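Reader: I should like to learn how to read the features of a protein model. Would you please guide me through an example?

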Amino acid sequence: MGIPRGADALPDQKRLGWWAVSLGLATVLGAVAAAFVGTLVFGLFCYYAARPVHRWITRRVDHPGAVAGLTLLTLVLPVLVLVGYGATVAYGELTAVAGLDATRAVLDRLVGDPGPASALLADPVAYLSRLEGIDRIRQGVSAALTTLGFVGNGLLHLSLALGMTFFLLRDGSRIEGWFLSEIADEESTAYAFLRGADADLETVYFGNVLSVLGVAVAAVLLYNGYNLLAPAAVDLPAPTLLGLLTGLATFVPVVVGKLVYLPAGAYLLWAAVRSEAGFAYPVAFLVVSFLLLDILPQTVLRPLVSGRSLHSGLVLFAYVLGAAYFGWYGLFLGPLLVVLGIQLLKQVVPDLVGGDPFVPESDEGVDIGSDPVVEGERSGGSSDPRGDASGGGTGTGSGAGASDG
């Protein structure tokens, strides 16, 4: 017989065993999340950017799945329209510059010539016997497969991000309900920490979208207005498309519209030299673009819509340093890390350092970031930091966000 064990030893051993299983599973899930971190943070950005629209639709449609689908449609449709419009404009510009025959030749090469495939199917032996330059064919096939793999990989990650957005919008309130019933209640520091981060992330991410839309509208008006005033010799080609691209470039702080209006201004200067139309209009274009599409968004628009609860300098450094360190997804991961750090300093660190009980207090720690306690009181005791009851959910959640529906 083995050595008898005490009656109270088995529960402790079971608990240690389950802790080991939990840590092992968390390690595996963390490794998977690290491999897809770009997709996850982009999905989180799409969720917070779409949540105000989701809240608005929730007031009018009483079906969580339909509301989430309609919200995603409002995100995807403008992108499809922009891509279609860009392709149409690019086709028109290429036709105008190179001619219709050259444009068709380029498109045939992009799409592929069906002639060889038909010949191969009709008489494979005769066709293969005439083939020359096998190495060149292999290189072409390899390049085509690489391109298809890149496009397919991008579509896969985009689909995963949009799927994540859909389920967060639809099931966010369930996530929050589970968190409140199983992990922490509404009076806990953990919930206050996540609720404050939830409110700040919506402010930052949705504010970024508003900045992009504002700059895009201003750029479209500016570029088309320039073409109305400037001589035909120094016209700006495709002004509407360039204006929309300028808005998209605003996602990158500091650089903002420079990615578009500087090359456009250089083209106008080159056109002025060729036509001897003078430099007054191109120079005026560059000056006004710098003031309206560069200085104004960085000094007024972005801090106004993205930094209402956060320091505008912190938001700026979050975008710039995040992109510089992590790459493209740092544009979304940088603000997330800054928001979580601020709420940690605000709600956790003072009690942790002082050895006090963990109790959420108003304006504890640093005086920046959303204060979940004050905002909860302003909303009449609701757990929604925005005080907006929109059917079925409180709008806060476990960091990854519960939805308002």
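**Reading the helices**

Author: Let us begin with the length of one helix in this predicted model. Helix α10 comprises the 18 residues 258-275, which at 1.5 Å a residue should span 26 Å; the C-alpha atoms at its ends lie 25 Å apart, so the two values agree.

Reader: Which residues of α10 are buried?

Author: A general idea helps here. An α-helix has 3.6 residues a turn, so residues three or four places apart point the same way. In α10, the buried residues are Val260, Tyr261, Ala264, Gly265, Leu268, Ala271 and Ala272. They lie on the same side of α10, because they cover an arc of only 120° around its axis.

Reader: Which residues are exposed on the other side of α10?

Author: Leu259, Val273 and Arg274 are exposed there.

Reader: What follows α10, and what is the sign of its phi?

Author: Most residues other than glycine have a negative phi. Glu276 follows α10, and its phi is positive, near 55°. Ala238 also has a positive phi, of about 50°, although it is not a glycine. Ala238 is found in the loop between α8 and α9.

Reader: Is Ala238 buried or exposed?

Author: The cut-off for buried is under 20% relative accessible area. Ala238 has 16%, and therefore counts as buried. Gly163, by contrast, has 23% relative accessibility, so it counts as partly exposed.

Reader: Where is Gly163 placed, and how is it related to Gly43 in sequence and in space?

Author: Gly163 is in helix α7, residues 134-182. Gly163 and Gly43 are 120 residues apart in sequence, while their C-alpha atoms are 8.0 Å apart in space.

Reader: How should one describe the way in which α8 and α13 cross?

Author: One gives the distance between the axes, the angle and the handedness. The axes of α8 (residues 189-229) and α13 (residues 330-347) come within 9 Å and cross at roughly 145°. The crossing of α8 past α13 is right-handed. Among the residues that make the contact are Phe193, Leu201 and Tyr205 of α8, together with Phe332, Leu336 and Leu340 of α13. Sorted by class, the contact of α8 with α13 has twelve nonpolar residues, four polar and one charged.

Reader: How many helices and strands does the protein have, and what percentage of its residues count as buried?

Author: The protein has 15 helices and zero strands. Of its 405 residues, 36% count as buried. Among contacts between residues at least 6 apart in sequence, 68% join residues at least 24 apart.

Conventions: Residues are numbered from 1 along each chain as its sequence is written. This is a predicted model: local features need pLDDT of at least 70, side-chain atom pairs count only at pLDDT 80 or more; totals for chains, interfaces and linings use all residues. Side-chain values use heavy atoms; hydrogens and water are left out. Axes are lines fitted to C-alpha atoms, for helices over the stretch in contact, and angles run from 0 to 180 degrees between N-to-C directions. Helices (H or I, at least four residues) and strands (E, at least two) are DSSP runs, numbered from the N terminus. A crossing is left-handed if the near helix is turned anticlockwise from the far one by less than a right angle, and right-handed if clockwise. Contact means heavy atoms within 4.5 Å. Ala, Val, Leu, Ile, Met, Phe, Trp, Tyr, Cys and Pro count as nonpolar, Asp, Glu, Lys and Arg as charged, and the others, Gly among them, as polar. The expected span of a helix is 1.5 Å times one less than its number of residues. Buried means under 20% relative accessible area, exposed over 50%, partly exposed in between (1.4 Å probe, protein chains only). The arc is that of the directions from the helix axis to the C-beta atoms.
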